[in-house]
Amino acid sequence: MPYEPRQLTINAKRLNETIHETCEWGAAHRWGDAPTETGMCRLALSDDDKLVRDWFVKEMTNLGCEIKIDQMGSIFAIRKGKKDGPPTAMGSHLDTQPTGGRYDGILGVQSAVEALRTIHDAGLVTEYPIAVVNWTNEEGARFPKSLHASSVWSGELSLQDAYALCDVANPGVSAGAELDRIGYKGTVLACHKANPLAAHFELHIEQGPVLESHGQRVGVVQGGQAYKWFNIRINGRDSHAGTTPFDYRADPMLAASQFILAAHQIAKEHHGLATTGIFHLQPGSINTIPNVVEFTLDIRHVEDEQLARIEEDIRAASVKIAANDNARFKCTIDWEVLFDNSATKFHPLCTGAVEKAACASVPSEQVRKIVSGAGHDSCATSRICPTGMVFIPCREGLSHNPREFSTPEDCALGAQVLMDAALLFDSQRTA
Ligand SMILES: [Zn+2]
């Protein structure tokens with residue numbers, strides 16, 4: 001018999017209590033008077049991260065789950081099904097940004113925990129095993145690689161490189177050493193071949209304003225947008241600000257300003273995004289034209305082809321900017337690619353299950369097909385196994401901020417859709 005959505009109902013009160021109780025480990029940045037009105041600072045592999053991991057392992061063991069910890073410290077809590085096989089997983093992350101909120105990642109794991117509690121209470125035995133996964137260092141805030149452990153699992157990052165990554169605030173401390181210190185360097189190979197999943201479902205707050213601004217309650221995520229990161233270096237000629245006429249200058253700061261404006265305009269024309277988030281210039285003197293300016297460029301689009309067009313057009317514009325016909329001295333522009341991530345398309349079996357589950361809980365006008373603007377562990381798993389995501393709105397689209405907030409009702413709705421989608425997928429599995 002296929003599972004019917006809403007055959008089981010999650011316990012909304014228990015879910016919301018668990019979210020806030022477990023946020024005591026890492027609560028920071030108070031913004032209101034109520035006990036729950038703080039943000040979070042629960043950096044990956046910190047003492048607070050260890051405490052919430054210990055809680056998670058204990059809780060899932062109590063529900064009869066087998067616990068597997070892989071070499072990257074990702075925790076797989078697996079509940080047996082009628083048949084053996086790779087589990088249908090529900091996963092996200094318990095680590096946060098340094099000035100994070102109570103929902104990003106946390107909601108995904110705690111909703112999966114609530115789903116398993118509900119399944120356990122009902123005595124339901126799934127067709128195949130079902131699992132909750134806590135992925136290590138999704139945020140990449142402390143160890144600067146987002147989707148850190150899920151990328152090792154998917155084979156996009158080597159274990160050696162993953163271990164060698166150092167704490168941004170303390171370069172003497174590596175991720176490998178911290179895994180050892182908190183006792184979460186497991187023995188299960190951090191690899192999808194050794195530790196496979198049949199599917200991965202994830203509930204997440206949208207982290208943007210689309211659902212809220214349309215008065216909609218559930219996003220059926222179709223995939224993630226493509227993005228590419230560059231370091232741009234513009235070389236000019238340092239010279240005196242008072243004695244160098246404009247046409248004698250090779251001013252990399254002026255070129256950088258034109259570059260950034262052009263990037264924005266081009267990205268806008270293609271319905272993409274462009275951002276400069278890091279910026280340095282040398283020598284940094286009030287009366288000297290700089291000799292070198294370096295900055296990052298982050299470009300994004302839902303289609304790989306359009307992202308390539310954006311890059312092409314910005315490169316063409318930068319050639320013109322550097323050539324500056326009005327000056328006798330020219331700048332040169334060097335591009336370095338830092339990161340290249342193609343667009344992610346989620347599996348129709350998973351998006352279909354999420355959509356069916358969503359429409360069983362709310363009217364279809366309140367359900368929206370949506371593309372994720374941010375990276376998630378699901379983007380890594382989608383390269384290996386069928387993957388689907390559920391979004392719920394968050395207040396003002398705010399995330400990576402202590403004031404991040406989703407209503408208890410929306411959290412419960414998201415958890416219900418997550419559980420229903422995973423159970424639907426499980427009941428339709430043939431292997
Ligand atoms: Zn997240």
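User: How do you know where domain 1 and domain 2 lie in the chain?
Analyst: The bounds come from an automatic or database domain assignment, which gives 12-224 + 343-428 to domain 1 and 226-341 to domain 2. This is a predicted model, in which local features need pLDDT of at least 70 and side-chain atom pairs count only at pLDDT 80 or more, while totals for chains, interfaces and linings use all residues. Residues are numbered from 1 along each chain as its sequence is written, and side-chain values use heavy atoms, with hydrogens and water left out.

User: What makes up the contact between domain 1 and domain 2?
Analyst: With contact meaning heavy atoms within 4.5 Å, 7 residues from domain 1 and 7 residues from domain 2 take part.

User: How many salt bridges are there between domain 1 and domain 2?
Analyst: A salt bridge requires a side-chain nitrogen of Lys or Arg within 4 Å of a carboxyl oxygen of Asp or Glu, and the count between domain 1 and domain 2 is 0.

User: Why is Cys41 not bonded to Cys23?
Analyst: A disulfide is a pair of cysteine sulfur atoms within 2.5 Å, and the closest cysteine sulfur to that of Cys41, in Cys23, is 12 Å away, so the two are too far apart for a bond. Cys385 is likewise in no disulfide, with the nearest cysteine sulfur, that of Cys350, 7.5 Å away. By this rule the count is 0 disulfides.

User: Why is Cys385 called buried, and Cys41 partly exposed?
Analyst: Buried means under 20% relative accessible area, exposed over 50%, and partly exposed in between (1.4 Å probe, protein chains only). Cys385 has 6% relative accessibility and therefore counts as buried, whereas Cys41, at 27%, counts as partly exposed.
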